[in-house]
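Please open the model in a viewer and keep the sequence panel visible beside it. The stops below are meant to be followed in order, with a selection to make at each one.

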Amino acid sequence: MANALTERGAAAPGTATAQKAAHGFPWKALLPVIVAGAIALFPPPEGLAQHAWYFFAIFAGVIVGLMVEPLPGAAIGLIGVVLVTLLAPYVLFSPAELAKAGFKPANASLTWALSGFSNTVVWLIFAAFMFALGYEKSGLGKRIALVLVKAMGRRTLTLGYAVTIADVLLAPFTPSNTARSGGTIYPVIRNLPALYDSKPNDPSSRKIGGYLMWTALAATTITSSMFVTGMAPNLLATEMASKTAGVAISWTDWFIAFAPVGIALLLLLPLLTYLLYPPEVKSGDEVPKWAGAELAKLGSLTLREIELAVLVLMALALWIFGGAVINATTVAMAVIVLMVLLRVVSWDDILANKAAWNTLV
């Protein structure tokens with residue numbers, strides 16, 4: 001749903017679009033090479049070493065590759081890293097470094113190539129993907145959405161607030177808004193318009209479906225900005241701020257900075273959508289009845305759901321209050337281990353999460 005383009009590389013590795021581009025449009029594969037080669041042929045700007053200019057040329061080629069996508073993004077990034085590693089004496093190290101006694105460019109370039117895999121922020125993103133997997137496998141995310149829909153679904157306006165609140169509750173532990181809104185929220189709310197014969201791409205969508213979809217779409221963009229763990233690029237942004245400006249932004253710092261605007265937006269969103277894009281159906285008993293029936297199918301709260309709820313609340317508490325004692329990534333990795341030990345998810349489930357591994361690479 002929302003921000004699908006932002007997370008396309010993380011959420012859809014090896015998509016049909018990317019594969020078609022690789023085989024049907026060869027210019028997309030050639031364009032990064034052409035851009036990198038053209039930049040390399042120009043003399044470097046004054047004050048910039050030749051090897052640094054060559055590195056920039058490869059970097060620019062990688063960026064173009066990520067834009068036109070002849071291959072999935074992770075593969076393009078890996079190609080760039082391998083290319084720099086192979087050409088390290090010319091693009092990675094200065095003549096002074098190469099002249100040092102005992103300096104081995106082959107070993108040093110490999111260390112550089114693998115250093116990204118020790119980045120704590122990247123592993124925190126990976127771990128948060130596993131949290132989302134736990135929501136899906138345990139059914140806790142679906143149950144939360146259904147409980148809210150049942151409790152608040154009698155009136156269309158409060159149903160909009162139910163959808164928004166469900167996204168708020170899942171966002172701190174789901175760094176992919178496409179996984180959260182498209183994978184957890186949408187499967188629940190897509191069943192609601194049909195209860196009132198409200199169909200997509202049809203005038204009947206104004207009955208209730210259009211309102212619900214607009215509300216869900218806008219809500220996930222707000223929650224993705226409110227929590228640093230609400231969307232993968234947020235964590236990368238904090239890493240860039242730390243490296244370039246020396247400013248460390250914690251989970252709490254991010255939330256406090258955005259909360260005044262974010263909370264106001266979340267409170268106003270369902271109402272504003274209700275006023276600007278008013279649904280024809282204002283109230284009814286069908287939605288609570290349906291949600292109640294779906295909850296009955298789920299049965300009582302399972303042990304796996306309880307265990308996951310305890311784990312995510314523990315992680316959130318440590319992210320907020322334990323920063324001085326334990327690193328946020330350590331907390332996340334510990335939760336993954338506990339999820340596997342408690343069988344909330346299996347190791348095979350983790351291995352099969354292509355979006356997480358693609359993002360990691």
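The tour begins with the whole chain and then proceeds through individual helices, side chains and loops.

**The whole chain**

Display the full chain as a cartoon, bearing in mind that this is a predicted model. The chain contains 20 helices and 0 strands. Its C-alpha trace spans about 80 × 50 × 40 Å along the principal axes. Of the 361 residues in the chain, 43% are buried. Among the contacts with a separation of 6 or more, 74% are between residues 24 or more positions apart.

**The nonpolar cores**

Select Met130, Phe131, Leu192, Trp319 and Met339 next: these touch the most other members of the largest nonpolar core, which has 66 residues. Which helix gives the most to this core? Helix α9, residues 120-138, does so with 11 residues.

Centre the view on Met339 and show its surroundings. Leaving aside neighbours within four places in sequence, Met339 is in contact with Met130, Phe131 and Gly134, with Leu308 and Leu311, and with Val344 and Val345. Another core, of 6 residues, lies apart from the largest one; Ile58, Val84, Val91 and Leu92 are among its members.

**An aromatic cluster at helix α9**

A search of the whole structure finds 11 aromatic pairs. To examine one of them, show the side chains of Trp123 and Phe126: their ring centres are 5.4 Å apart and their planes stand at 75°, so the pair is edge-to-face. Both residues lie in helix α9, 3 residues apart, which is about one turn of the helix. Is each partner buried or exposed, or in between? Trp123 is partly exposed, because its relative accessibility is 24%, whereas Phe126 is buried, with a relative accessible area of 5%.

Now add Trp357 to the selection. Phe126 and Trp357 form a tilted aromatic pair, at 4.6 Å centre to centre and with 55° between the planes. This pair links distant parts of the chain, for Phe126 is in helix α9 and Trp357 is in helix α20 (residues 354-360), 231 residues apart. Trp357 has a relative accessible area of 28% and is therefore partly exposed. Together, Trp123, Phe126 and Trp357 form one aromatic cluster.

**Leu146 and its neighbours**

Move to Leu146, in helix α10 (residues 140-152). At 0% relative accessibility, Leu146 is buried. Not counting residues up to four places away in sequence, Leu146 touches Val188, Trp290, Ala291, Glu294, Leu295 and Leu298. Draw a distance between the C-alpha atoms of Leu146 and Leu295: the separation is 6.7 Å, although the two residues are 149 residues apart along the chain.

Then select Glu294, one of the residues that Leu146 touches. Glu294 lies in helix α16 (residues 286-298). Where does a relative accessibility of 15% place Glu294? That value is under the 20% cut-off, and Glu294 therefore counts as buried. Beyond residues up to four places away in sequence, Glu294 touches Lys142 and Leu146.

**Two packed helices**

Colour residues 209-226, helix α13, and residues 251-276, helix α15; these two pack at an angle of about 175°, with their axes 9 Å apart. That angle makes α13 roughly antiparallel to α15. Show the side chains of the contact, including Tyr211, Trp214, Ala218 and Ile222 from α13 and Phe255, Phe258, Leu265 and Leu269 from α15. How do the residues of this contact divide by character? There are 15 nonpolar, 5 polar and no charged residues in the contact of α13 with α15.

**Two loop residues with positive phi**

Most residues other than glycine have a negative phi. Select Asp197, which is not a glycine but has a positive phi of about 55°. Asp197 is found in the loop between α12 (177-189) and α13. Its relative accessibility of 43% means that Asp197 counts as partly exposed.

The last selection is Arg343, whose phi is also positive, near 65°. Arg343 is placed in the loop between α18 (328-341) and α19 (347-351). With 67% relative accessibility, Arg343 counts as exposed.

Note on methods. Residues are numbered from 1 along each chain as its sequence is written. This is a predicted model: local features need pLDDT of at least 70, side-chain atom pairs count only at pLDDT 80 or more; totals for chains, interfaces and linings use all residues. Side-chain values use heavy atoms; hydrogens and water are left out. Axes are lines fitted to C-alpha atoms, for helices over the stretch in contact, and angles run from 0 to 180 degrees between N-to-C directions. Helices (H or I, at least four residues) and strands (E, at least two) are DSSP runs, numbered from the N terminus. Angles under 35 degrees count as roughly parallel, over 145 as roughly antiparallel, 65 to 115 as roughly perpendicular and the rest as oblique. Contact means heavy atoms within 4.5 Å. Ala, Val, Leu, Ile, Met, Phe, Trp, Tyr, Cys and Pro count as nonpolar, Asp, Glu, Lys and Arg as charged, and the others, Gly among them, as polar. Buried means under 20% relative accessible area, exposed over 50%, partly exposed in between (1.4 Å probe, protein chains only). A nonpolar core is a set of buried Ala, Val, Leu, Ile, Met, Phe, Trp, Tyr and Cys residues joined through side-chain atoms within 4.5 Å. Rings of Phe, Tyr and Trp (its six-membered ring) pair if their centres lie within 6.5 Å; planes under 30 degrees apart count as stacked, over 60 as edge-to-face and the rest as tilted.
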